[in-house]
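Work through the exercises below with the sequence and the coordinates at hand. Each task is followed by a solution that proceeds step by step.

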Amino acid sequence: MASEFKDYYRVLGVTPKATEEEIKKAFRNLARKYHPDVAKDKKTAEEKFKEVNEANEVLSDPESRRKYDQLGEDWKSGGERRPTPGRGGHPSSRSSDEGGGGVGDFQFEGTGFSDFFEQFFGGQAGRARGGPGFDQDGDGTGTTGPQRGQDVEGDILITFDEVLKGATRAISVRRTNPLTGLEETQTYQVRIPTGVQAGQLIRVSGKGGEGVGGGAAGNIYLRVRYAQNPDWRARGADLVGELALAPWEAVLGSTVPVRTLEGTVLVKVAPGTQQGHQLRVRGKGLPDGTGKRGDLYVEVAIALPQHPNEAVTALWKELAAKSDFDPRKVS
């Protein structure tokens, strides 16, 4: 199944010469705009949010971006590339033509990733845990008895909200029957458990390749990838973000609102708080899968007024004249 090329630069609204910082800024702006929690048109926003996440997933990683740029050149020249089965490509482009137990070509829908991403930027090709030629006896001689069907593997994009609350997702698998050559689509309801971890495999039992000679069917395994959030990044079960403070808030101390996954809380900032200092909000991170919650950390970023008026400028000048503070003096 050929995949349509995705123009990730166009998705983010940047040029192929964009810097890492420009890509990061573009993603944050679009992710905030299309985040399902704030958008009015939830369905359209959800699709755009996934598309923006996918583009950022590739372009924010230097190695993936280099590979993507090369793919783009190949497409322009008419030389569409496919990963070599079993050698680092994604199994969604694998073809099993060795007989029974295979899965043929297959592609996922509803996982949050396009066919193009699955084919070229998904995880490494999964090994078959059964399927054609699998030695059920483990003696290296092969078997003519029942053979277990091949497992298939793909990626699934999970938002922090789904990690927090759990969800049920409709996942469709479109595959070419290796015996008939016909395309078939099956849809399954996949339960995403609360506290699911990045990298964890969600198993859909018995929905992989068909077994041979009475052998059991293989499974589908969906590898969890967290959707990148414009405000937070995951560090295990903890969430880490940024808190902008005005200089006087940092110097004098203050109480400021901090947005969490479940609403807004007030956080106390101690007088003399420095740039880069982290403040912790206990129990407002992600579930860790054991019934506990991680913490939320916000790193202080002191912001300066960009266009102060004359009165404010005069106050800054008065402060400069009266203060004996020297930031370059070694204490």
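**Exercise 1.** Determine how strand 2 and strand 6 are joined, and describe the sheet to which they belong.

*Solution.* In this predicted model, strand 2 and strand 6 (residues 220–226) run parallel and are joined by seven bridges. One residue-level check is available at L157, whose bridge partner in strand 6 is R225. Widening the view, the sheet is an open one of three strands, with the order 2-6-5 and mixed pairing. Its edges are formed by strand 2 (152–158) and strand 5 (201–204), each of which pairs on one side only. Averaged over neighbouring strands of this sheet, and with direction ignored, the turn of one strand against the next is 30°.

**Exercise 2.** Decide whether T273 is buried or exposed, and describe its surroundings.

*Solution.* First, locate the residue: T273 sits in the loop between strand 10 (263–269) and strand 11 (278–281). Next, apply the cut-off, by which a residue is buried when its relative accessible area is under 20%; T273 has 9% and is therefore buried. Then list the contacts, leaving aside neighbours within four places in sequence, which gives A250, V300 and I302. Finally, consider the polar side-chain atoms of T273, one of which lies 2.6 Å from the backbone oxygen of A270.

**Exercise 3.** Summarise the protein as a whole, beginning with its secondary structure.

*Solution.* The protein has eight helices and twelve strands, and 41% of its 331 residues count as buried. Its accessible surface comes to about 18700 Å², with 49% belonging to carbon and sulfur atoms. Among contacts with a separation of 6 or more, 62% are between residues 24 or more positions apart.

Technical notes:
Residues are numbered from 1 along each chain as its sequence is written. This is a predicted model: local features need pLDDT of at least 70, side-chain atom pairs count only at pLDDT 80 or more; totals for chains, interfaces and linings use all residues. Side-chain values use heavy atoms; hydrogens and water are left out. Helices (H or I, at least four residues) and strands (E, at least two) are DSSP runs, numbered from the N terminus. Buried means under 20% relative accessible area, exposed over 50%, partly exposed in between (1.4 Å probe, protein chains only). Contact means heavy atoms within 4.5 Å. Accessible areas come from the Shrake-Rupley method with a 1.4 Å probe; for residues, only the protein chains shown count as cover. Two strands pair if DSSP finds at least two bridges between them. Axes are lines fitted to C-alpha atoms, for helices over the stretch in contact, and angles run from 0 to 180 degrees between N-to-C directions. A polar contact is a pair of N or O atoms within 3.5 Å; within protein, one must be able to donate a hydrogen and the other to accept it, and residues adjacent in sequence count only if both atoms are side-chain atoms.
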